[in-house]
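The following exercises are to be worked from the sequence and the coordinates. Each task is followed by a stepwise solution.

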Amino acid sequence: MKNMLAHYTAYNCWANQQLAKGLLKLTDEQLDRDLGGGISTLRAAVYHLWHTESLWYQRLQLTEKTTDPTAGFSGSFASACAAWLTQSAQLEEWVQKASEVKLNHTVAYTLKKSEHYKIAVQDVIMQVCNSSTFYRGQLVYMLELLGISKIPATEYSRFKPKK
């Protein structure tokens with residue numbers, strides 16, 4: 001299981017890097033254009049990815065009260081992308097260093113005062129990577145809506161893992 005999770009987090013990190021390269025070429029107007037939907041701008045979608053990966057990583061660190069790194073963030077889009085990519089790399093590194101025993105533990109967390117949950121660590125990794133894949137797909141769709149013709153390829157079949 002560990003090899004699969006390490007491979008999946010490496011892919012997640014790589015795919016985020018590929019997409020970020022293209023996003024960093026856009027103007028603020030393109031990043032902030034309202035394209036409709038629940039997450040209506042490219043900038044908001046990137047912030048959502050960063051926040052979600054951070055949230056689950058904090059849970060893996062057994063942080064009792066998680067924080068949103070995007071809340072009140074006033075840095076540049078390039079800084080946000082760098083932080084998002086750093087977060088992805090931290091998750092990849094965490095999985096690489098984790099023992100099989102650690103990956104088989106569970107994490108407990110609370111969403112609201114009365115909503116308590118437990119989830120297997122290996123399922124946390126799958127949740128993070130699947131969520132990121134979903135939102136990368138949303139970003140690609142949004143880039144298409146903007147008429148961007150050179151969209152970075154992030155398909156799993158393009159990923160070449162480090163050997």
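**Exercise 1. Fold and overall dimensions**

Which pattern does the protein follow when read along the sequence? Determine also how its radius of gyration relates to the globule rule.

*Solution.* The model is predicted; local features require pLDDT of at least 70, side-chain atom pairs count only at pLDDT 80 or more, and totals for chains, interfaces and linings use all residues. Residues are numbered from 1 along each chain as its sequence is written, and side-chain values use heavy atoms, with hydrogens and water left out.

Step 1. Helices (H or I, at least four residues) and strands (E, at least two) are taken as DSSP runs numbered from the N terminus. The protein has six helices and two strands, in the order α-α-α-α-α-β-β-α.

Step 2. The radius of gyration is 16 Å, close to the 15 Å given by the globule rule for 163 residues, so the protein is as compact as a globular protein of that length. The radius is taken over C-alpha atoms, and the rule is 2.2 Å times the number of residues to the power 0.38.

Step 3. Along the principal axes, the C-alpha trace spans about 45 × 45 × 25 Å.

**Exercise 2. Burial and contacts**

State what percentage of the residues is buried, and what share of the contacts joins residues at least 24 apart.

*Solution.* Step 1. Residues are classed as buried (under 20% relative accessible area), exposed (over 50%) or partly exposed (in between), with a 1.4 Å probe and protein chains only. Buried residues account for 44% of the 163.

Step 2. A contact means heavy atoms within 4.5 Å. Of the contacts between residues at least 6 apart in sequence, 71% join residues at least 24 apart.

**Exercise 3. The strand pair**

In which sense do β1 and β2 pair, and over how many bridges?

*Solution.* Step 1. Two strands pair if DSSP finds at least two bridges between them. Strand β1 (residues 106-112) and strand β2 (residues 115-120) are antiparallel and share six bridges.

Step 2. Two residues form the hairpin connection from β1 to β2.

Step 3. Among the bridge partners, Tyr109 is matched with Tyr117 in β2, and Lys112 with Glu115.

**Exercise 4. Two residues of helix α6**

Is Val128 buried or exposed? Compare its class with that of Leu145.

*Solution.* Step 1. Val128 belongs to helix α6 (residues 121-145). Its relative accessible area is 1%, so Val128 is buried.

Step 2. Leaving aside residues up to four places away in sequence, Val128 touches Glu53, Trp56 and Leu91. Its C-alpha atom is 9.2 Å from that of Leu49, 79 residues apart along the chain.

Step 3. Leu145 is also in α6, but its relative accessibility of 42% makes it partly exposed. The C-alpha atoms of Leu145 and Leu35 are 7.5 Å apart, with the two residues 110 apart along the chain.

**Exercise 5. A backbone angle**

What is the phi of Leu62, and where does this residue lie?

*Solution.* Step 1. Leu62 lies in the loop between α3 (42-60) and α4 (77-97).

Step 2. Its phi is near 65 degrees, a positive value in a residue other than glycine. Most residues other than glycine have a negative phi.

Step 3. With 64% relative accessibility, Leu62 counts as exposed.
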